Amino acid sequence: MDAVLAIGQRAPDFCLSGTDGKVYTLKSFSEAQFLVIFFSCNHCPYVTGSDELTRQVAERYAEHGVSFVAINANAADRYEEDSFVHMVERMQEQRFPWVYLYDETQEIARAYGAICTPHFFVFDSARCLIYSGREVQTPMEPEKSGRNDLEEALKEVLSGQTVQTDTTAPVGCSVKWKL
């Protein structure tokens, strides 16, 4: 695995298929003032446990120019649930307010240095990294987390401040790399 992107580094570009049948690149989100890219999947209990919290944050900040993009890089041959077909089914069932992309080659997860699912990266309008890490410390039981690190970062940047805690340790299941 490559090193995790450092604060201030530019977002690596990508060209990935979405569950909606479209192909997306970084430029597809050029109108977003801030872009949250997070590595996700279908099966991880840390992801499924915090999906509704992530939905709430995504919906709350959409009107402030914040777009969310989920990327699944897990090897489908290791977890069939993480296949593209199941990604499409999950989005049809859950109707999450983000684009869900498939990184079949795992090149993008490596470029970002994704450690686990979920792992969040927040970029400013120039697509420079301003926050990296977790949403909450206990994603399987988000109601027990006192602080939402992702939301705090978004609040700070939207009020014109610098993110005070710009890096946290992500909490989740390891990315399922191809063998």
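How many disulfides does the count come to? The count comes to 0 disulfides. The model is a predicted one. In general, a disulfide is a covalent bond between the sulfur atoms of two cysteines. Two cysteines can be placed by their accessibility. Cys15 is exposed, because its relative accessible area of 56% is over 50%. Cys173 counts as buried, because its 13% relative accessibility is under 20%.

Now turn to helix H4, which spans residues 149-158. Is this helix mostly covered or mostly open? It is mostly covered, with 7 of its 10 residues buried. The buried residues are Asp149, Leu150, Glu151, Ala153, Leu154, Glu156 and Val157. Several elements contribute to the cover. Two of the strands that cover the buried residues of H4 are S3 (34-40) and S4 (66-72). Helix H1 (45-62) also helps to cover them. Strands S7 (119-123) and S8 (129-133) are included in the cover too.

Look next at the two ends of H4. At its start, a side-chain oxygen of Asn148 comes to within 3.2 Å of the backbone nitrogen of Leu150. Leu150 itself is among the buried residues of the helix. Just after H4, Gly160 has a positive phi of about 85°.

Ala153 gives a closer view of the helix. This residue lies in H4. Ala153 counts as buried because its relative accessibility is 3%, and the cut-off is under 20%. Leaving aside residues up to four places away in sequence, Ala153 touches Tyr131 and Val163. Ile130 offers another reference point. The C-alpha atoms of Ala153 and Ile130 are 8.3 Å apart, while the two residues are separated by 23 residues along the chain.

Charged pairs come next. Side chains of opposite charge can pair when their charged atoms come close. How many salt bridges does a search of the whole structure find? The search finds 7 salt bridges. One of them joins the side chains of Arg90 and Asp51, at 2.2 Å from N to O. This pair links distant parts of the chain, with Arg90 in helix H2 (residues 84-94) and Asp51 in helix H1, 39 residues apart. Are these two residues buried or exposed? Arg90 is buried, and Asp51 is buried as well.

A further salt bridge involves H4. The side chains of Asp149 and Arg147 meet at 2.6 Å, N to O. Asp149 counts as buried, because its relative accessibility is 5% and the limit is under 20%. Arg147 is partly exposed, with a relative accessible area of 37%. Which residues are linked with these two in a network of salt bridges? Arg134 joins Arg147 and Asp149 in that network.

Within H4, Glu152 and Lys155 also form a salt bridge, at 3.6 Å from N to O. Why do they sit about one helical turn apart? They are 3 residues apart in helix H4, so about one helical turn separates them. An α-helix has 3.6 residues a turn, so residues three or four places apart point the same way. Glu152 is partly exposed, with a relative accessible area of 23%. Lys155 is partly exposed, at 40%.

Key:
Residues numbered from 1 in each chain as written. Predicted model: local features only at pLDDT ≥ 70, side-chain atom pairs only at ≥ 80, totals over all residues. Heavy atoms only, no water. Buried < 20%, exposed > 50% of the residue type's maximum accessible area, 1.4 Å probe, protein only. Helix = DSSP H or I, 4+ residues; strand = E, 2+ residues; numbered from the N terminus. Contact = heavy atoms within 4.5 Å. Polar contact = N/O pair within 3.5 Å; in protein donor to acceptor, adjacent residues only side chain to side chain. Salt bridge = Lys/Arg side-chain N within 4 Å of Asp/Glu carboxyl O. Disulfide = S-S within 2.5 Å.
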